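User: I would like to go through this model step by step, with the reasoning spelled out before each value.

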Amino acid sequence: MIVTVRLGGERREVVADPGETLDRIAARADWPLNTVCGGRGRCGRCAVVLQSGHFRGRNAELTAEPSHPRRALACQMTPLEGTPCEFEIPASSRRIESGRMVADCAISLRVWKSRLQRAPLRRPADPLGSPTSDVELARDAILQYADDVEFGIEAVSEIAMGLGRPDASDVWWIERDGRAFAGGARAATAGQPLGLAVDIGTTTVVTALVELASGRQLANASDYNAQLSRGADVASRITAAETPGGVAELQRLVRGTINELIQRLCVSAGRSADDILHVVITGNTVMQHLALGLPPHGIGRIPFRPVVRRYPLLRAERLGLAVGPLAWVEAVPSLSGHIGGDLTADATVAGLLQRRGRWLLVDIGTNGEILFWDGHHLRCTATAAGPAFEGAGLSCGMRADEGAVERLRWRGDHFEYETIGGARPAGLCGSAVVDALAELAQAGLMDSTGRLDTAALDRRGAAVVIRQAGHPVHAVVIAPSEASAHGVPVILSEADIAEALKAKAAIHAGIMTLLHLAGCGPADLDGLILAGGFGRHLHLRNAMRIGLLPELPLECIEVIGNGALGGALQGLGDPAAPAEWDRLLRVAEPIELNLCDKFETEFVDSLLVPHADPTRFARLLASDSAPPTQRPPSTSRHIV
Amino acid sequence: MARHEALYAAIAGGNKGAVETILQQELATGRSPAELLTETMIPAMRDVGERYSRKEIFIPQMMIAARAMDAGLRILEPLLAKSGHEPRATICIGTVKGDLHDIGKNLVAMMLKGAGFHVIDLGTNVDVTKFEKAVHDGAQAVLMSALLTTTMPYMKTVADHFRGEKGVKIIIGGAPITQEYADEIGAHGYGEDAGAAVRVVERCLGLAG
Ligand code: B12
């Protein structure tokens with residue numbers, strides 16, 4: 001049968017096999033969907049809008065008409081013969097690169113000094129004079145710059161071949177703690193050596209290509225981690241890795257993503273991938289293990305022990321990366337099974353250990369990682385927030401992508417909102433969820449436990465009842481169907497609110513538990529560094545109003561954006577970086593929150609808005625009764 | 001005795017302070033702890049559990065109600081023990097080996113206590129041996145909780161261990177657990193949430209609700 005698929009203004013017709021699900025049909029139309037949970041109907045990220053025809057879902061049949069479109073999960077729906085079936089793909093459900101995942105780290109390195117260096121091989125004028133071997137010839141060249149040098153077999157054979165070639169005039173190496181690791185020989189006329197920084201997230205992989213000599217960033221590229229087809233969170237990846245051949249399969253998948261990105265980077269920069277000679281990889285511990293082909297099993301259960309924290313240096317060839325085969329690949333050390341190289345990178349680029357006083361570093365993702373430095377101890381922990389702030393698992397949640405509502409303000413009888421790209425609203429991203437909770441609470445339309453005042457909302461025409469798992473659930477309308485991108489209203493239900501409250505509670509309780517262990521409170525902090533993409537777009541005051549972050553003066557919060565990628569870049573251009581990584585490894589004290597008595601009570605207390613003990617947010621609540629000082633959303637005003 | 005409305009409301013609304021004050025006052029005037037528990041507190045908590053199952057309320061409201069109930073039970077438990085109040089049955093509960101998530105498990109344990117069961121709480125990271133010992137000590141049902149997909153398979157290990165041991169019921173739950181999984185490993189029951197946990201224990205042990 002023929003099914004019509006629409007996206008934006010475009011339509012494509014696909015011949016579908018009987019029983020084929022809509023996500024497969026979309027993929028055949030060359031518009032693959034964002035099936036994060038592997039098509040199990042769990043993640044809600046492949047939602048489409050059924051425009052016409054009969055469809056069969058998991059439990060029931062559905063009929064859609066243009067006048068009555070229905071939202072449904074593509075992976076759970078099959079079109080039925082007999083009627084012309086048509087569905088539309090919201091931009092938010094497509095698996096494509098998002099402009100917003102890209103590498104925006106707010107910290108730039110003060111000085112750039114490539115860790116990859118090269119020196120001319122001086123062939124002796126008198127061939128019979130010293131030195132006594134080719135490698136020693138190369139060594140003498142390197143020792144002009146480093147105290148010590150190591151030649152692996154690859155470097156030795158490269159130099160053997162290189163010296164035989166008249167054009168091989170240089171030897172190159174990377175430096176780590178004053179020691180040189182010989183790379184190989186290279187023609188002086190070859191392209192400028194390039195470096196690659198890679199941040200492997202559970203969901204997205206972000207890369208940057210730099211010219212090593214100058215530190216100039218030539219291109220950025222990011223894409224979904226192809227491992228998504230094997231589950232959305234680290235725990236499900238570990239489960240997948242435990243199946244026979246699982247590790248190799250997962251390694252192959254992420255390698256595919258990285259290699260594709262490399263190709264894109266090189267095309268857009270007009271450079272050759274063979275010139276990439278130094279790669280620095282960061283990411284959470286499970287992703288780093290899988291990228292290197294190491295089993296992450298130990299991280300899955302008590303005592304959550306990784307195979308290795310300080311990864312050995314290796315050659316790209318061994319990993320099958322599509323860069324210069326002899327390129328050195330380094331992975332930023334992980335601090336524990338749940339605190340990966342991405343946090344080490346965040347901490348390095350933020351200069352955490354150089355700071356005086358007491359500092360928190362918080363990276364909010366599916367896992368909220370928290371580091372607390374008080375000048376002596378670096379306590380660190382991971383708190384499982386779940387994906388609510390990444391837009392997953394909510395009825396209208398979506399990534400921070402075109403059409404996502406990212407800012408909200410309650411205007412007495414409707415929401416005023418801002419969307420990414422100024423498009424019609426298609427869903428809510430994490431920052432909008434935080435705004436919605438804060439605004440509803442302040443307007444008295446939501447109580448401290450997250451229940452909506454449905455009567456009051458109804459009087460303003462902003463209440464709806466949706467069905468969830470067969471039960472009616474109250475929801476507030478953020479954007480009505482007339483205004484929205486897909487003809488279905490953008491809403492936030494009480495179930496969504498409960499999910500978001502769990503996520504914020506996990507993070508807040510993690511922060512408070514670490515502070516408590518150190519015997520201090522938020523007032524004792526000199527500052528809080530917020531890393532990660534979500535933090536970058538968060539309305540900080542609202543984050544405090546709902547009790548996601550502790551109450552702090554706004555000027556004490558530093559937002560650094562993608563510090564993980566920033567830290568990986570630093571690994572390419574700061575000879576002091578590896579020593580700093582090692583220092584972090586030495587001082588890190590991983591804390592298992594479950595073993596802290598205080599955590600559970602704090603988690604339950606933090607489920608309330610802002611908290612069971614609102615006096616902790618007293619200053620903020622007091623100033624809320626005064627006229628607001630923060631600027632209102634700047635663009636598009638829509639009336640509900 | 002009729003149900004104590006203020007106490008009922010305090011539990012359902014999660015007002016821990018009020019629960020404590022009311023209980024102290026009532027006990028001082030000589031009210032029977034067993035009656036306060038069975039006529040008011042258990043029905044209040046049961047109602048909370050059911051509203052949670054019907055998605056009328058969500059985790060935050062449920063958790064604070066549970067905490068208020070817990071505070072009340074803390075006051076009543078020693079008095080009940082003294083008065084020889086008979087539990088309906090004995091069960092043991094624990095989060096399986098490898099897993100330390102216990103908030104959901106504690107809630108289930110609390111609901112069961114609230115419903116009149118004697119609960120042996122084995123804590124987290126519980127292996128077969130510990131479950132075995134609890135059964136030896138009289139537990140008629142083994143309740144297991146797991147929140148990680150990596151630790152769920154351990155439930156099968158425990159279920160296999162008790163298979164054939166007559167009378168011991170295996171009941172499982174936790175966010176990643178489904179009825180299908182329960183069937184697959186041969187568990188006798190599965191509960192989606194804390195409200196359902198009480199119902200499934202009652203059903204498995206053949207007790208009227
Ligand atoms: C709080 C929390 C934690 C706390 C745990 C504190 C504690 N003492 O329990 C902390 C921060 C320590 C933590 C740590 C980890 N967590 Co955690 N955590 C959560 C979180 C946010 C909420 C879980 C919760 O308590 N829910 C509330 C309770 C009431 O619900 P519940 O447990 O489901 O229980 C209900 C039902 O399931 C049922 N039930 C439960 N047990 C039983 C038993 C029986 C017999 C019956 C009948 C019913 C039943 O009744 C309960 C009440 O209705 C979830 C994410 C989320 N948003 O849900 C992640 C989550 C469970 N954690 C996760 C992970 C990966 C971890 C970590 C491994 C990694 C990390 N650091 O983040 C660690 C290590 C865990 C460990 N040591 O075992 C993942 C699991 C993913 C997966 N596929 O397995 C989740 C889903 C988050 C995510 N998406 O990444 N976590």
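**Interface, metal site and sheets**

In this predicted model, the contact between the two chains draws on 25 residues of chain B and 32 residues of chain A.

User: What area is buried between chain B and chain A, and which residues of chain B lose the most area to chain A?

Analyst: The area buried between chain B and chain A is about 2300 Å², and carbon and sulfur atoms give 65% of that area. On the side of chain B, three residues together make up 26% of what that side buries, and these residues, which lose the most area to chain A, are B:F58, B:L100 and B:T150.

User: Which side chains meet in a salt bridge across the interface of chain B and chain A?

Analyst: Between chain B and chain A the count is 11 residue pairs in polar contact, both residues being at pLDDT 80 or more. The rule for salt bridges, which allows a side-chain nitrogen of Lys or Arg to lie within 4 Å of a carboxyl oxygen of Asp or Glu, finds 1 across this interface. With a distance of 2.4 Å from N to O, the pair is B:R67 and A:D605.

User: Which element gives the largest share of the side of chain B that touches chain A?

Analyst: The elements of chain B that give two or more residues to the side touching chain A are α3 (33–53), α4 (59–83) and α5. The largest share of that side amounts to 6 residues, and the element that supplies them is α4(B).

User: Which protein atom is a donor to the cobalt atom of the ligand, and where in chain B is its residue found?

Analyst: Donors are counted within 2.8 Å of the metal, and water is not among the atoms, so the site may look incomplete. The cobalt atom has a single donor from the protein, at a distance of 2.3 Å. The residue is found in the loop between β1 (90–95) and α5 (103–114) of chain B, and the donor atom is NE2 of B:H101.

User: How many salt bridges are there over all chains, and how far apart in sequence are the parts that A:R11 and A:E86 tie together?

Analyst: Over all chains, the count by this rule comes to 46 salt bridges. One pair is A:R11 with A:E86, whose closest N and O atoms are 3.3 Å apart. Because A:R11 lies in strand β2 (residues 10–15) of chain A and A:E86 in strand β7 (residues 85–88) of chain A, the pair ties together parts whose separation in sequence is 75 residues.

User: What is the strand order of the open sheet of 6 strands in chain A, and which helix packs on it by touching β12 and β15?

Analyst: The pairing in this sheet is mixed, and the order is β14-β13-β12-β15-β17-β16, with β14 (217–224) and β16 as edge strands that each pair on one side only. Within the sheet, 4 bridges join β15 (residues 276–283) to β17 (residues 328–331), which run parallel, and A:V279 has A:V329 in β17(A) as its bridge partner. Helix α5 (residues 246–269) of chain A packs on the sheet by touching β12 (194–200), β13 (204–211), β14 and β15, and its direction makes about 145° with that of β14(A). The helix that touches β12 and β15, with a direction at about 105° to that of β15(A), is α8 (residues 341–349) of chain A.

User: In the open sheet of 3 strands in chain A, which residue of β22(A) is the bridge partner of A:R409?

Analyst: The order of this sheet is β22-β21-β23, with mixed pairing, and its edge strands are β22 (415–419) and β23 (427–428). Helix α9 (residues 430–442) of chain A lies across these three strands, running at about 15° to β21(A). Strand β21 (residues 404–410) runs antiparallel to β22(A), to which 5 bridges join it, and the partner of A:R409 is A:E416.

User: What is the omega of the cis peptide bond between A:I302 and A:P303, and what is the phi of A:F304?

Analyst: Most residues other than glycine have a negative phi, and most peptide bonds are trans. Both A:P303 and A:F304 are found in the loop between α6 (285–291) and β16 (314–315) of chain A. The cis bond between A:I302 and A:P303 has an omega of about 0°, while A:F304, although not a glycine, has a positive phi of about 55°.

Key:
Residues are numbered from 1 along each chain as its sequence is written. Chains are lettered from A and ligands numbered from 1 in the order in which they are written. This is a predicted model: local features need pLDDT of at least 70, side-chain atom pairs count only at pLDDT 80 or more; totals for chains, interfaces and linings use all residues. Side-chain values use heavy atoms; hydrogens and water are left out. Donors are N, O and S atoms within 2.8 Å of the metal (3.2 Å for Na, K and Ca); water is not among the atoms, so sites may look incomplete. Two strands pair if DSSP finds at least two bridges between them. Contact means heavy atoms within 4.5 Å. Axes are lines fitted to C-alpha atoms, for helices over the stretch in contact, and angles run from 0 to 180 degrees between N-to-C directions. Buried area is the accessible area (1.4 Å probe) that two parts lose on being put together, summed over both. A polar contact is a pair of N or O atoms within 3.5 Å; within protein, one must be able to donate a hydrogen and the other to accept it, and residues adjacent in sequence count only if both atoms are side-chain atoms.
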